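Please find below my notes on the model, set out as numbered points. They deal with the chain arrangement, the charged pairs and the aromatic pairs.

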Amino acid sequence: MSEKKLAIIVTNGTLDWGYPPFILASTAAALGYEVQIFFTFYGLQLLKKKMNVKVSPLGNPGMPMPMGMDKWFPVLGTAIPGMESMMTMMMKNKMKSKGVASLEDLRDLCVEAEVKIIACQMTVDLFDMSPADFIDGIEYGGAATFFEFAGESDITLFV
Amino acid sequence: MSEKKLAIIVTNGTLDWGYPPFILASTAAALGYEVQIFFTFYGLQLLKKKMNVKVSPLGNPGMPMPMGMDKWFPVLGTAIPGMESMMTMMMKNKMKSKGVASLEDLRDLCVEAEVKIIACQMTVDLFDMSPADFIDGIEYGGAATFFEFAGESDITLFV
Amino acid sequence: MSEKKLAIIVTNGTLDWGYPPFILASTAAALGYEVQIFFTFYGLQLLKKKMNVKVSPLGNPGMPMPMGMDKWFPVLGTAIPGMESMMTMMMKNKMKSKGVASLEDLRDLCVEAEVKIIACQMTVDLFDMSPADFIDGIEYGGAATFFEFAGESDITLFV
């Protein structure tokens, strides 16, 4: 039996939505899956060498606020300048204290496990992004590149 | 022919993004599908006995504002304290008046239809959530648990 | 060998999350796929003849701010009245200058390529939307309609 395949498209570029694709991809690779991730739109933020991604409490009432902050800063509080950075720091500290790997570490794990990473060329051009800012070992392609692999995959996910 | 399978990962914990997975899962179950939903990150909010989820007009310009509210409160209006609660109440009332089942009812329907519900153990630990707060009859697992079922599924969706 | 199939559910109704489904669908159709897109919840905004969708920098720290605007308007800046419209205009101009097709053009391309478009009847009823506002040639259905096609598809995506 040939190995199973997992294809993921990542369009989000936030800290919290960066975790699922890298956790899923590294787990699948560990289970013997062949994995490809296609990064497009805001998802390309996750390929930068210096990843500077944040969580956003704005527009996400599903986010649990640490330390009763929701009592202190209801709704509008999440729009206070510096709040995104503060929440991002708190989330990172929480993850560290709980032994959850950083996004960078999970990404390294994926690269080591030979997860194929493809950056959307159109988005790179659109936002005038510099390939030099991205991690090494990635490829560039378009939607057709994604379909080559996804059309043969057992699991396809849009994150 | 063996029955078809649907695997869903839910990472969102808002009222509006709670509907699609429960509607899809209950419909698929009614059509004879075997269904599993893996709840992770903010998605775990949807498993609480007392579901306290909200819609968020913030950062979602796609949300139709009822009663011309967008004229009264353009953009910044959606950040006014209490607006999320107000919009949530209005959305719930609208759904009730239109005969759309509540999220809790749809969840019950899924449980009755033997949709298998799995809570992400890592997230539970990360946010110090208490399993006692969750509905009964759910299981706990990790990404590998998800792949066991998803790898054999006909449809896989990331919500 | 029978042709491959792609099934997409679209729940988002913003300019930026409108691109992926139309790009993926038109590309897949060009590659010989049979394609169906099921539009539900906010996704129905993308079916209006006069598409009036916006990007939202709110709650999306992954969005690159053009021209160093993030230095001028950190975080709270994205909640300033008129900012969504301004960012939307800038994004549209950027895409135009880079030769990226407009959302309307990509949608036309999908219709011409015989991508089947299904509008969620429940959502139309829920938000009191008028079918007369939608483009021609679409069908109406529910979750069960989606499963008819998705259950036989090679790729299923939830956008």
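**Notes on the predicted model**

1. C:Tyr19 has a relative accessibility of 2% and counts as buried, because the cut-off for buried is under 20% relative accessible area. The model is a predicted one, and the value for C:Tyr19 should be read with that in mind.

2. The ring of C:Tyr19 pairs with the ring of A:Phe41. Over all chains, the structure holds 24 aromatic pairs. In this one the ring centres are 6.2 Å apart and the planes stand at 35°, so the pair is tilted. The tilted class applies because 35° is neither under 30 degrees, as for stacked, nor over 60, as for edge-to-face.

3. Where do the two residues A:Phe41 and C:Tyr19 lie? A:Phe41 is in the loop between strand 2 (34–39) and helix 2 (69–72) of chain A, while C:Tyr19 is in helix 1 (residues 15–30) of chain C, so the pair joins two chains. A:Phe41 is buried as well, with a relative accessible area of 4%.

4. A second aromatic pair has both its residues in chain C: C:Phe146 and C:Phe147. Their rings are 5.4 Å apart from centre to centre, with 65° between the planes, and the pair is edge-to-face. C:Phe146 is buried at 4% relative accessibility, and C:Phe147 is buried at 2%.

5. One aromatic cluster is formed by A:Trp17, A:Tyr19, B:Phe41, B:Tyr42 and B:Phe127. The cluster thus has members from chain A and from chain B.

6. Turning to charged side chains, the structure holds 15 salt bridges over all chains. One of them joins A:Lys98 to B:Asp128, with the closest N and O atoms 2.4 Å apart. This pair crosses between chains: A:Lys98 sits in the loop between helix 3 (83–97) and helix 4 (103–112) of chain A, and B:Asp128 in the loop between helix 5 (121–126) and strand 4 (139–141) of chain B. A:Lys98 is partly exposed, its relative accessible area being 35%.

7. A:Asp128 and C:Lys98 also meet in a salt bridge, at 2.4 Å from N to O. Here the crossing runs from the loop between helix 5 (121–126) and strand 4 (139–141) of chain A, which holds A:Asp128, to the loop between helix 3 (83–97) and helix 4 (103–112) of chain C, which holds C:Lys98. C:Lys98 is partly exposed at 35% relative accessibility.

8. Within chain C, C:Glu139 forms a salt bridge with C:Lys116, the closest N and O atoms being 3.9 Å apart. The pair links distant parts of the chain, with C:Glu139 in strand 4 (residues 139–141) and C:Lys116 in strand 3 (residues 116–120), 23 residues apart. Both ends are partly exposed: C:Glu139 at 39% relative accessibility and C:Lys116 at 35%.

9. Salt bridges that share partners also join A:Lys4, A:Asp154 and B:Glu152 into one network.

10. On the arrangement of the copies, a turn of 120° and a shift of 0.0 Å along the axis lay chain B on chain A with an RMSD of 0.0 Å. This is the relation of a three-fold axis. Only 12% of the interface residues of chain B are also interface residues in chain A, so the copies meet through different surfaces.

Note on methods. Residues are numbered from 1 along each chain as its sequence is written. Chains are lettered from A and ligands numbered from 1 in the order in which they are written. This is a predicted model: local features need pLDDT of at least 70, side-chain atom pairs count only at pLDDT 80 or more; totals for chains, interfaces and linings use all residues. Side-chain values use heavy atoms; hydrogens and water are left out. A salt bridge is a side-chain nitrogen of Lys or Arg within 4 Å of a carboxyl oxygen of Asp or Glu. Helices (H or I, at least four residues) and strands (E, at least two) are DSSP runs, numbered from the N terminus. Buried means under 20% relative accessible area, exposed over 50%, partly exposed in between (1.4 Å probe, protein chains only). Copies are superposed by least squares on the C-alpha atoms of residues with pLDDT of at least 70 in both. Contact means heavy atoms within 4.5 Å. Rings of Phe, Tyr and Trp (its six-membered ring) pair if their centres lie within 6.5 Å; planes under 30 degrees apart count as stacked, over 60 as edge-to-face and the rest as tilted.
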